[in-house]
Structures are given as structure tokens and as C-alpha cells.
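Colleague: I should like to go through the reasoning behind the labels applied to this model. Please set each value against its criterion before drawing a conclusion.

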Amino acid sequence: MASHETLDVVREGPVLHVRLNRPDVRNAFNGKVVEELGLVFREADLDADARVVVLSGNGKSFSAGADLAWMQEQAELPTEQNERSAERMARMFLAIARCRKPVIGRIHGHALGGGTGLTASVDMAFCTQDCQFGLTEVKLGIVPAVISPFVMQKIGAGRARTLFLTGERFDGNEAQRIGLVHKACADEKALDAEVQRTIGELLAAGPMAVASAKELIRSVGALSLEEAIPVTSKWIASLRATPEAREGMGAFLGKRKPNWMS
Ligand code: COA
């Protein structure tokens, strides 16, 4: 595994653990994090042995969002370079959202600004109940621009209109209520247990089927019910003919475990 300046990346069997590793600044992300995190998720796509990715943060907080000293430096760049740097940041979130492996977020402490954005860009996020979230950007005179599509996909425009405009902070229970996270856990021990349970569920599923399910969600999301019919019927027709599907259905009917579980 390549070494990283700002991340701690460890593969344990089929699980790739990606930990933000700038605890002194509460894992605020600068240009190096943007570069390394984007690359790790693009590499995870190609890593045939990695079946699940877990994104977490070392130290007291998951992430305090964009590194504000770095943001100030970017603002001083000529317009074109400033814009390119912002686009690289946007593409980091996209690399996480589009990774073909299922991505679990383990969120604790604080997930503010871009930390809330990272929470929104994973497939399933779990947090502690006392974790602090917030689209705090307006309190800093900026806006949650590059993260807005990811956050709005999870919480909707109505909630964004309160949270983007006030910049108010909210806890894990509220994050669960509004659909930003899937479950708020009593403490970090319960959080780890929930992450482990979910890894178990994902590893019991067909690897190709999981990737296909992720792509399916993205593809049908923008279609009407009528428009979806040719897409979804072709989808299952082709999927059920794959070796993995034959193995999965054959294992059920043969009362045995499928080969990806052995
Ligand atoms: N960018 C750069 N540095 C940051 C940072 C950020 N987003 N968030 C925290 N830090 C730095 C602090 O400046 C401090 O540095 P110092 O030790 O040199 O003084 C260090 O991280 C620890 O932060 P501190 O505030 O002392 O820790 P805390 O545990 O009391 O509070 C937070 C943690 C996350 C609640 C608080 O730092 C905070 O509110 N950060 C800003 C979060 C935010 O609004 N982010 C949106 C960015 S778009």
C-alpha cells in the first residue's frame, strides 16, 4: 500500500480503511488531502481485492471541513488556478460518491462544512449521537458550493434552505432524522459495532451485484417510471445471466453458501 502524507490507508482482507490523518487540525482538508483522497478512491475502484471502503478520521473529529488557511491561499491565486483548485476539490467528493465499491462513513466528533460534505458523499454513514454536523460556511462568509449537490441529494432542497442559510450546527440524532446519516449510535463502541455489522452484510452480498446496485440507483434516479422500464428490464435481464448471479441463485437453491462467502 502506497504511503500517504495526510491519510492512513490500511487494507484488512477485503476491507479498505481510509482514515483522514491530520488530527491536529481536526482533519481539515487541504490540497494534499484532496489529491490523496481522490487518488485512493480512484485506486479502490481498480483494486479487485477491496470489497468495502470505510472512511473515518483519526483523533477527536472526523473532519472540520476545508482547511481555512488553505482556502485563504487559494483565494489569492489567479482566477483560473483558483477555479481549477476548487474543481479538484469537487472531484474528490465525486470520486468518493462514484467509487464502485460500497463506501461506509464512520463519523465521530465533528463533521463540519466539508466534513458534512464527506458524510453526504459516502453510500452509508453512521455517526455518534453527540457528533456535531453543520453547513457552517455562511458563518465564514462562504457557501457550501462544491458539496451542495451531494448534501442536497441526501437531505433535499427544503432542509438545505434552512441549514445552508443559517449555518447552524446539529447533532447526530438530527442528522439521522434528516437522512444525512443512516444511524446515530450511542457511543463510539456502538458506532464501531454498527460499521462492523454493515461490513458483514456487504461481504455476504455478491461483489458485482453490489457495484451494479450502486450504478442502478444513479441511473434510475433521474428517470420517470415509464422511462425506467426499458432500462431496468434490460438491467435484470443482463445481470441474471452473469456467472455471479448463477452462483448466487444456484447457492440458494442448492442450500449452500455462495462462493464469495467462502
Ligand atoms: N481549517 C483550518 N484549521 C482548523 C479547522 C479548519 N477548518 N478546524 C480546526 N482547525 C484548527 C484550529 O485552528 C486549531 O489550530 P491550533 O491548534 O493551531 O489553534 C486546531 O485545528 C484545533 O481546533 P480547536 O478549535 O482548538 O479544537 P476544538 O476541538 O476545540 O474544536 C472544531 C474543533 C472542529 C469544533 C473547531 O475547530 C471548529 O469549529 N472548526 C471550524 C469548522 C468549520 O466551520 N469548518 C467549515 C470549513 S468550510
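Colleague: Why is K183 called partly exposed?

Modeller: The model is a predicted one. The relative accessible area of K183 is 37%. Buried requires under 20% and exposed requires over 50%, so K183 falls in between and counts as partly exposed.

Colleague: What makes K183 and E194 a salt bridge?

Modeller: The closest N and O atoms of K183 and E194 are 3.5 Å apart. The criterion is a side-chain nitrogen of Lys or Arg within 4 Å of a carboxyl oxygen of Asp or Glu, and the pair is therefore a salt bridge. K183 lies in strand 9 (residues 183-185) and E194 in helix 7, so the pair ties together parts that are 11 residues apart in sequence.

Colleague: Is E194 buried or exposed, and how do you know?

Modeller: E194 has a relative accessible area of 9%. Since the limit for buried is under 20%, E194 is buried. K183 and E194 also belong to a network of salt bridges that links them with R197 and E201.

Colleague: Why does the pair of E188 and R106 tie together parts of the chain?

Modeller: E188 forms a salt bridge with R106, with the closest N and O atoms 2.8 Å apart. E188 is in helix 7 (residues 188-203) and R106 is in strand 4 (residues 103-107), so the bridge joins parts that are 82 residues apart in sequence. At 37% relative accessibility, E188 is partly exposed; R106, at 11%, is buried, because buried means under 20%.

Colleague: What makes R256 partly exposed and E247 buried?

Modeller: R256 has 44% relative accessibility, which lies between the two limits of 20% and 50%, so R256 counts as partly exposed. E247 has a relative accessible area of 15%, under the 20% limit, and is therefore buried. Their side chains meet in a salt bridge at 2.8 Å, N to O. In the whole structure, a search finds 16 salt bridges.

Colleague: How do you know that T136 makes a polar contact with the ligand?

Modeller: A polar side-chain atom of T136 lies 2.8 Å from an oxygen atom of the ligand. The cut-off for a polar contact is 3.5 Å between N or O atoms, so T136 qualifies. A backbone N or O atom of L68 lies 2.9 Å from a ligand nitrogen atom, and one of D24 lies 3.3 Å from a ligand oxygen atom. The ligand taken alone exposes 870 Å², of which the protein buries 60%.

Colleague: Which residues surround the ligand most closely, and how is the shell divided by class?

Modeller: The ligand is surrounded by 16 residues, the closest being R26, A64, A66, L68 and T136. By class, the shell has seven nonpolar, three polar and six charged residues.

Colleague: What makes L140 eligible for a nonpolar surface patch?

Modeller: L140 has 47% relative accessibility and counts as partly exposed. A patch residue needs over 30% relative accessible area, so L140 passes that threshold. L140 forms the patch with L68 and I142, and together they have about 240 Å² of accessible area. L140 sits in the loop between strand 7 (132-134) and helix 5 (148-166).

Colleague: Why is A2 called exposed?

Modeller: A2 has a relative accessible area of 52%. The label requires over 50%, so A2 is exposed. A2 is found in the segment before strand 1 (7-12), and its C-alpha atom is separated by 9.5 Å from that of V40, 38 residues apart along the chain.

Technical notes
Residues are numbered from 1 along each chain as its sequence is written. This is a predicted model: local features need pLDDT of at least 70, side-chain atom pairs count only at pLDDT 80 or more; totals for chains, interfaces and linings use all residues. Side-chain values use heavy atoms; hydrogens and water are left out. A residue is near a molecule or strand if one of its heavy atoms lies within 4 Å of it. A polar contact is a pair of N or O atoms within 3.5 Å; within protein, one must be able to donate a hydrogen and the other to accept it, and residues adjacent in sequence count only if both atoms are side-chain atoms. Accessible areas come from the Shrake-Rupley method with a 1.4 Å probe; for residues, only the protein chains shown count as cover. Ala, Val, Leu, Ile, Met, Phe, Trp, Tyr, Cys and Pro count as nonpolar, Asp, Glu, Lys and Arg as charged, and the others, Gly among them, as polar. Patches are made of residues with over 30% relative accessible area and no salt bridge: like charges are joined within 9 Å, nonpolar side chains (Val, Leu, Ile, Met, Phe, Trp, Tyr) within 5 Å. Helices (H or I, at least four residues) and strands (E, at least two) are DSSP runs, numbered from the N terminus. Buried means under 20% relative accessible area, exposed over 50%, partly exposed in between (1.4 Å probe, protein chains only).
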